[in-house]
Amino acid sequence: MNNLSQVEDMGAAARLRPHNPKRVKDSSVASAGWTSVFENFGLKAVSRTDKEKQAYLPNEEQRAALAAAGYLPSSGPSADLIEIEVLGEVRPPLPTSYYSSLRAGSGREPETRMGRGLITWAEEGDQLVIGNIGNRVYVVKANECTPETAKSSIQRRVTQAFKPRARLLQLLGDQLIGSSKLAVFELVKNAYDADASEVTITLGDLSTEAPWIRVQDNGQGMSLDTIRDVWLVPGDDHRERDRDQDRRSPRYRRLPLGEKGVGRFAVHKLGGKVRMTTRAAGNRECFVSIDWSELMSTRFLEDAPVTVTEREAKIFTGEKTGTRIRIDNLSQKDWSRGEVRDLYRQVTSISSPFSAKDDNFVINFKVPGFESWISELPDASELVERAPWRFEFEFDGTTFCYTYEFRGVPGVRVEPRTVQQNEPLQINAEREPDDLDAASGPRPKRPVSIVADSSTINGIGRLKGTLYVFDRDREIMSKYAQSRLIERFLDQNGGVRVYRDDIRIYNYGEPGDDWLGLDLRRVNSPSRNLSRNIVLGFVDLDLEASTQLKEKTNREGFVENGAYRRLRQLVLGAISVFETERRLDKQRIRAVTGKAPSADRDVAGPIGDVRKVARSKGFLPDIDPSLKRVEQEFYQLREDFLRAGISQVGLAVVFHEVERGIGALATALADGANIADLRTQVGQLQGVLETSTQLLRKGDKKSYSLRQLARRARDITLVRFRIHKVQLVCPALEEGAEDASSVFAFGLALGAVTNIIDNAIHWLKVSTPDSTTSGARRIFMNVVPDYKGRPALVIADNGPGFRDPPEQLVEPFFSRRPDGMGLGLYYANLAMSLNDGELLFPTMDDFDVPEDFNGAVVALVFKGDR
């Protein structure tokens, strides 16, 4: 059997409802209408002999249709089968043999037959129409299906490979790459992948109407075969395969940075004409010239051949290898001093300034005729050494190791300080099971870890980083020579950059990029948190280990998957440790300079952010009146605080709760909550302000039992104990236990106790991340009737204990929790003061605390009878 046709034109049966008219006896009537369905066809009934011999004898017209489709009968039974599409039924094609039977000894001509695939399906008396469209063969029972139904069921299909348009290269280069600076950045990365030790970028003829860019490296270069099989193949994955199989470059043992095979098309972003000269070791020099406008004028890529010429070396003579790419007819013809400097800053930042490798990747930048534009730029390495703070850290999945250095400020008599520590790395969980969630927000299905471990760095690998941090307060910055230069440098370069194998991942750390949300964190806690314009940060990753961090095709950062979110958590956790230590030194600086940090807080910023989101969602008219009431009540409460003689820092306690409510409202808006839920959230904000007036009234002071206080604190924290698997040991609640009473405001005291318990639970989770061990996390709470003539409630745990002096622990906004507000112990201390008592941090022996509670010990000592 021969298939004579080379063009496939296919039909298929689909979505049919069987049609069952009576058996058609008259063939001429039955054949009417089929000419509108098939190009060639024949009709013949299935006879009893056909069924008995299991062989259908097609008539002349049917054989002609088969021939038109390219099928001729084979000589004798054959394994080659015709796939016959069935119309009028939803079923797969019928694989049928088509052959000539010799009928030996009969003296008659061979008989053309169709085999069991067809005849088994058909029934005696069926009127079979066999026809073709192109090289596809169809069969239909004319006694059960009309021509109209059969025609509607035929789907014309063409099998053809994708034919990319020539403009695809324009989309890959001009539109996929975001900027000309990023395009140059990509060419420099290609030089790194080519195992180069040096790359030179030249921006020439800037004073003319025909400026050009040249990028030249001393890497491996390319042979004619490599250009043909790789460079001219968009999307080639050879680098990704090299990385997956740990195939490294021969000279510097580098893993390739590229993986998608489209970076080389960045040249289209720069200009319309490209000339490439390249030479690999042991090969002749190759030259390629591409005029993008000519290439784009063709319809398909296959119609736009590129000529590669192999020649004797003109550029890379002797033993030299490498690649030179020159781009003319630039898209950007006018280059200002600022734009050239931006390009210089960007391309020279591709290599980590702290690389410890012996294969330092050197980047040269030349601007012939305008050398002063570059030479006048400040030395970045010299400027960062002026930073008062330096912080180095490393996390291997088990231990967080860091070195904190306060190096002093010129003219300010504050001694330098260095801290070296190995400890667990706390991370800010995205959602805690008992945090204040949006009313309709989802709850996590499992407890959230607040301590990073090996699972946190899975697909990320060992994390290293360095921070250089400045103080931009006017009094401090004025102490430095060239302070305006430092400030401009920070404005242009401030932020945290990411490097992988010492090569930068664009665009982290660029102006306008705040991938860590540092500026928003600083708005929430301005006296503690960093902002981008005071930090020069560098995070370094290992390319081989960071397999789950995938770069976006547009070369602007990582795909925001789970590994990326965990990377943010890790870096923010490290930054939080630095912020806590830095706060201690800032306090020392303020003590010398006489400027105390402001504790005044304002809700206008956070509520303004909520208004922006609400406006974009169309909910602002519904909730704005309530938001205005929240603002008015907050400002009124602030004035009442001042009149009552309570320091403004006390208002931070209220602001802390209001801010949590605003955060919950923002979450509800982002999650698409309905208007009823949003009104509930705003109502909770107002409730926080109403209950906060207890700080002014100081509560209704009367005599209360400390045992009653302990029981109430236990009851409202039972859910937290259960969720976090904390065992409470409270002898005071046992039958017959001693009790004591004092005069105090119950609400204030209860708030103090619950804040201390909250603090203990957090640090128990830090010291014992694995909660599966029964009794691993324990809290002790007991009433002491007589402590130096006064009753007390003592709370202890088996966590890591306090590492800071008591006066520091009760400072507002001081916290060693990542993104902690630092108000829990401050509130407890303030509440005890308002109750004429005090908050103490005694030893275990002072209150006979059992030996196995050797962590933090806190005592709430109340007013005695006298």
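Strand 27, which covers residues 790-797, is mostly covered, with seven of its eight residues buried, and I should say at once that we are looking at a predicted model. On one side of the pairing scheme, strand 26, residues 777-787, runs antiparallel to strand 27 over seven bridges, and within that pairing valine 784 has alanine 792 of strand 27 as its bridge partner. These two strands form a hairpin with two residues between them, where lysine 788 takes a positive phi near 55°.

Strand 27 also pairs with strand 29, again in the antiparallel sense, this time over five bridges, and here alanine 796 is matched with valine 857 of strand 29.

That brings me to the loop between strand 28 (838-840) and strand 29 (857-861), where glutamate 851 is found. Is glutamate 851 buried or exposed? Its relative accessible area is 73%, and because the cut-off for exposed is over 50%, glutamate 851 counts as exposed. Together with Asp845, Asp846 and Asp848, Glu851 forms a negative surface patch.

Let me turn now to another set of strands, with strand 14, residues 322-330, as the shared element. Strand 10, residues 212-217, pairs with strand 14 in the antiparallel sense over five bridges, and in that pairing the bridge partner of valine 215 is isoleucine 325. Strand 11, residues 271-279, is likewise antiparallel to strand 14, with eight bridges between them, and for arginine 279 the bridge partner in strand 14 is glycine 322.

Conventions
Residues numbered from 1 in each chain as written. Predicted model: local features only at pLDDT ≥ 70, side-chain atom pairs only at ≥ 80, totals over all residues. Heavy atoms only, no water. Patch = residues over 30% accessible without salt bridge, like charges linked within 9 Å, V, L, I, M, F, W, Y side chains within 5 Å. Areas by Shrake-Rupley, 256 points an atom, 1.4 Å probe, with all protein chains shown as cover. Salt bridge = Lys/Arg side-chain N within 4 Å of Asp/Glu carboxyl O. Lys, Arg positive; Asp, Glu negative; His and termini not counted. Charge placed at Lys NZ, Arg CZ, Asp CG, Glu CD. Helix = DSSP H or I, 4+ residues; strand = E, 2+ residues; numbered from the N terminus. Buried < 20%, exposed > 50% of the residue type's maximum accessible area, 1.4 Å probe, protein only. Pairing = 2+ DSSP bridges.
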